[in-house]
There are 2 protein chains.
Amino acid sequence: METRLASPTRDVVIGPEQPFVVIGERINPTGRSALQEELRAGDLSRVEADARAQVEAGAAVLDVNAGIPGVDEPVLLTRMVRLIASATDVPLSIDSSTPAALEAALAAYDGKALVNSTTGESSHLERVLPLVAKHGAAVIGMAHDERGISMDPQVRLEAARTIVERAADHGVPRKDVLIDPLAMTVAADPAAGAVFLEAAGRIRDELGVNLTCGASNVSFGLPGRHTVTATFLALAMPAGLTCAIANPIDPEVRRAILAADLVLGRDGYAVRWIANHRAERAAANAGG
Amino acid sequence: METRLASPTRDVVIGPEQPFVVIGERINPTGRSALQEELRAGDLSRVEADARAQVEAGAAVLDVNAGIPGVDEPVLLTRMVRLIASATDVPLSIDSSTPAALEAALAAYDGKALVNSTTGESSHLERVLPLVAKHGAAVIGMAHDERGISMDPQVRLEAARTIVERAADHGVPRKDVLIDPLAMTVAADPAAGAVFLEAAGRIRDELGVNLTCGASNVSFGLPGRHTVTATFLALAMPAGLTCAIANPIDPEVRRAILAADLVLGRDGYAVRWIANHRAERAAANAGG
């Protein structure tokens, strides 16, 4: 199954036969205090720079989050969306837990956006799905429901099924639902990775949808965490992960994704692999 | 299913619930002209150094190959096996295409060795399996037969099934047969990786055996090849690859394997991951 997102000038296709899609994670003030202070002061220069840098590093979609306590999120998120849409040509993932902010940003965006995200909880679905349907967007569904986050892959599959079914009830087709099987922190629970992979495989096999995740969660708290995130992505791709919210500027993450695409036959004759290798060498030479 | 190899003092268990086993590939004169010249001259000092270095870097088994044109291979291989068995405590993989060399080395080895390898061709099986049975060894079966190397995963499965069945006829139990689904060069054929993964999954599911491969083949001819090899290993582990002939001294390969074990829940609370991180940091500090 293929999910199509679009900016005003460019389509991006997410699917099992396509190169892996990186949704750039950097435009998010959570845990970035400098960005948070700048955004509070109305300074969006770093947003524009981060947008350009992530696209240059291979992000095919950009996630945009304006969640800062006490800030007028609908206003700020809309400003950020407009700025990024003018500075880059990639589709956007609009990332908010506030329906009013989602609504404002979707109304301001002239493309087919990704809405990040809803869970499988009824009240959440009822707030988010009408917005997704109204704006013809796609949506990320987090594979948990009223029961909370389960370590049983079957429960995650059931939550995913609920999301897909409720989306259909609202007129959002299955191809426009990306399921996140929930990438949890392996340092906190050694079973987190295996449960993710098992849930991912079942959801892909049963529902046929595209899968995504927030890849960086997996390595939280570990030394050498970029390698763990990169390796996790490679492990998850054969289980059906076709895109992820990740940092393309990290060379290990970028290389693992390109190498996995190459091994999986999605980069015929290593064209993109070799182009990245050359670009990294040119950048290293320019830097040194 | 678990495969048990043994040196005189140490058992190594290969299996889906176990940490991934690296079979150190370095003690092989193919493509190493300096080593080849030294071995011709009877100088085995590099063999001993390579053995120790690979074990220190995490190899749980060492492959030993003495294939040099014009050399008395049974004599040289036996000397190398004796030396490595005295210098390290890990089980050995005895790597030869010459039955006389396999026989001599197996007779000289006081442990449960791995024989590398047989194909599924009848004549090959009839030469190798009696030696494996006589010495109570395990054996690597390459998943091709008289038809040659097929790009059809089903044909590779059939070759693997033949090997397992013929091994049983000779009294070699299934747990002592490791199947190599054939890791080919992706630069030569973009489908090579996907065919490997599909064949691996089918062989694991249908036959239940442990899988191995020569991991470095995959990246032959590519820039940044260590990353491709490392990523390939991560991709292959969920498909049933439980060990591989690889270079543990390469940091990317070592880290990808440790990170994959961590994500797959085979390194509870990241004990081995953190130990490797510390060892690398200590080595870097000592070096700098």
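**Figure 1. Salt bridges and polar contacts between chain B and chain A.** In this predicted model, zero salt bridges (a side-chain nitrogen of Lys or Arg within 4 Å of a carboxyl oxygen of Asp or Glu) are found across the interface of chain B and chain A. Four residue pairs, both residues at pLDDT 80 or more, are in polar contact across this interface. A polar contact is a pair of N or O atoms within 3.5 Å; within protein, one must be able to donate a hydrogen and the other to accept it, and residues adjacent in sequence count only if both atoms are side-chain atoms. pLDDT is the predictor's confidence in each residue, from 0 to 100.

**Figure 2. Area buried between the chains.** About 2,600 Å² is buried between chain B and chain A, 81% of it on carbon and sulfur atoms. B:Pro190, B:Leu235 and B:Val263 supply 24% of the area that chain B buries against chain A, more than any other three residues. Buried area is the accessible area (1.4 Å probe) that two parts lose on being put together, summed over both.

**Figure 3. The rotation axis.** Chain B is superposed on chain A by a rotation of 180° with 0.0 Å of shift along its axis (RMSD 0.0 Å), by least squares on the C-alpha atoms of residues with pLDDT of at least 70 in both. The two copies are thus related as by a two-fold rotation axis. B:Leu235 comes closest to this axis of the residues of chain B, at 2.5 Å (C-alpha).

**Notes.** Residues are numbered from 1 along each chain as its sequence is written, and chains are lettered from A in the order in which they are written. Local features need pLDDT of at least 70, side-chain atom pairs count only at pLDDT 80 or more, and totals for chains, interfaces and linings use all residues, while side-chain values use heavy atoms, with hydrogens and water left out.
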